[in-house]
Amino acid sequence: KEDRSLLQNVFNPSLCDRREEGNLFMPPDTSFAYVQSLRQLVKEEEAVRKDRKQEFCADGFDHEAPGLLFPTSWRSSAKLSPKGAAGRKGRLLQPRPDYKAQASLFQPALQDASPIFDKSTEESTRFRIYRIGSLEVRTVQELGEQEAIAAVFTLRAQTESRPAKAVGEQEKVVKATEYVEASCYGPRCYTVLETELKSFVVVEVTPQGAKFEENPKDLEDRNSLAKVFDAKECGQMGRTVGAVRRFKGNVFGFVTGQK
């Protein structure tokens, strides 16, 4: 089994053209010294592949300037404008291992998304980066294998912050948005209410009753993975946050006047 794995690495179809030799194919030297040298070379190549994956999954990886570990063809020939460079410097990437652990929830979103970065190495390992709302998803696909999520990050501007104060009971709801998201138990709905003071209240019906969250810090990330089912401006209805808390029933219909 070990020898078979060695030969598969040596005769990688992306790196070796000897498969075209057919009946003229001559196997490599089988002497102990030569085989050991092949094993060492394959081990070194595997170490490079491992280092590449680690670098690709790091928050400091820049797809415009990937670094010396990656093929030179990956480097952008066009220089970034000062505005573009400043935009990247002003953005923070926060690793989200909790999202990576829920990789299956990303599959529908990835199928609908186009990668902003899609490059392959000489051995045909494919590296992709997707932007899904406020999330950056990085995937790796080995030759002959399925695409796998390698890292997930939250994109945040350095100056971005969510109001920390509690939402006032008298704040009027000016917009309501219904979302549908995937979960381990199937599709799940929740409603996001925006108030006149730019606060947000998330309402979700659970078996234990209605659950309210005020200004959750991960709201943008959650919305990125969900689908908008309906959205309405509703300031004219005059519904307050306090009234919503007391209401028992369809919150979206209550604040928008829809039945």
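# A walk through the fold, starting at L193

Select L193 first: leaving aside neighbours within four places in sequence, L193 is in contact with V173, K175, A176, S199, F200, V201, V203, V244, V251 and V255. Contact here means heavy atoms within 4.5 Å. Before going on, note that this is a predicted model, where local features need pLDDT of at least 70, side-chain atom pairs count only at pLDDT 80 or more, and totals for chains, interfaces and linings use all residues. Numbering runs from 1 along each chain as its sequence is written, and side-chain values use heavy atoms, with hydrogens and water left out.

**The core around L193**

Keep L193 on screen and add V173, A176, V201, V244, V251 and V255. Together with L193, these are the residues with the most contacts inside the largest nonpolar core, which has 14 residues. Such a core is a set of buried Ala, Val, Leu, Ile, Met, Phe, Trp, Tyr and Cys residues joined through side-chain atoms within 4.5 Å. Buried means under 20% relative accessible area, exposed means over 50%, and partly exposed is in between (1.4 Å probe, protein chains only).

Which elements each supply at least two residues of this core? Colour β6 (173–181), β8 (200–206), α7 (241–246) and α8 (251–256) to see them. Helices (H or I, at least four residues) and strands (E, at least two) are DSSP runs, numbered from the N terminus. The largest share of the core comes from α8, with 4 residues.

Now jump to F106, A109, I132 and I149. These belong to a second, separate core of 10 residues.

**The five-stranded sheet**

Go back to β6 and show its sheet. This is an open sheet of 5 strands in the order β9-β8-β7-β6-β10, with antiparallel pairing. Two strands pair if DSSP finds at least two bridges between them. At the edges are β9 (209–214) and β10 (227–233), each pairing on one side only. Look along the sheet: neighbouring strands are turned by 20 degrees against each other on average, direction ignored. Those axes are lines fitted to C-alpha atoms (for helices over the stretch in contact), with angles running from 0 to 180 degrees between N-to-C directions.

Zoom in on β6 and β10, which pair in the antiparallel sense over 6 bridges. Pick K175 there, and you will find E233 as its bridge partner in β10. While you have side chains switched on, remember that in a regular strand they alternate between the two faces of the sheet.

**The β3–β4 hairpin**

Next, select β3 and β4. They form a hairpin with 2 residues between them, and G133 in the turn has a positive phi of about 60 degrees. The two strands run antiparallel and are joined by 7 bridges. Click on Y130, and V137 in β4 stands opposite. β4 (residues 135–141) is largely enclosed by the rest of the structure, because 6 of its 7 residues are buried.

Move to R126, in strand β3 (residues 126–132). Is R126 buried or partly exposed? R126 is partly exposed, with a relative accessible area of 31%. Its contacts, neighbours within four places aside, are D118, K119, S120, T139, V140 and Q141. Draw a distance between the C-alpha atoms of R126 and T139: they are 13 residues apart along the chain and separated by 8.1 Å.

**Rings and charges**

Show the aromatic side chains. The whole structure holds 11 aromatic pairs. Rings of Phe, Tyr and Trp (its six-membered ring) pair if their centres lie within 6.5 Å; planes under 30 degrees apart count as stacked, over 60 as edge-to-face and the rest as tilted.

Start with F56 and F61, an edge-to-face pair at 5.2 Å centre to centre with 70 degrees between the planes. Both F56 and F61 are buried. Add F70, W74, F117 and F127, and you have one aromatic cluster.

With W74 and F117 still showing, select H63, in the loop between α2 (32–56) and α3 (82–89). H63 counts as buried because its relative accessibility is 18%. Beyond its neighbours within four places in sequence, H63 is in contact with W74, I116, F117, I129 and R131.

Finally, look at R96, which lies over the face of Y99 at 4.2 Å from the ring centre. A charge sits over a ring if NZ of Lys or CZ of Arg is within 6 Å of the ring centre and within 35 degrees of the ring normal. Your last stop is R239, over the face of F254 at 4.1 Å from the ring centre.
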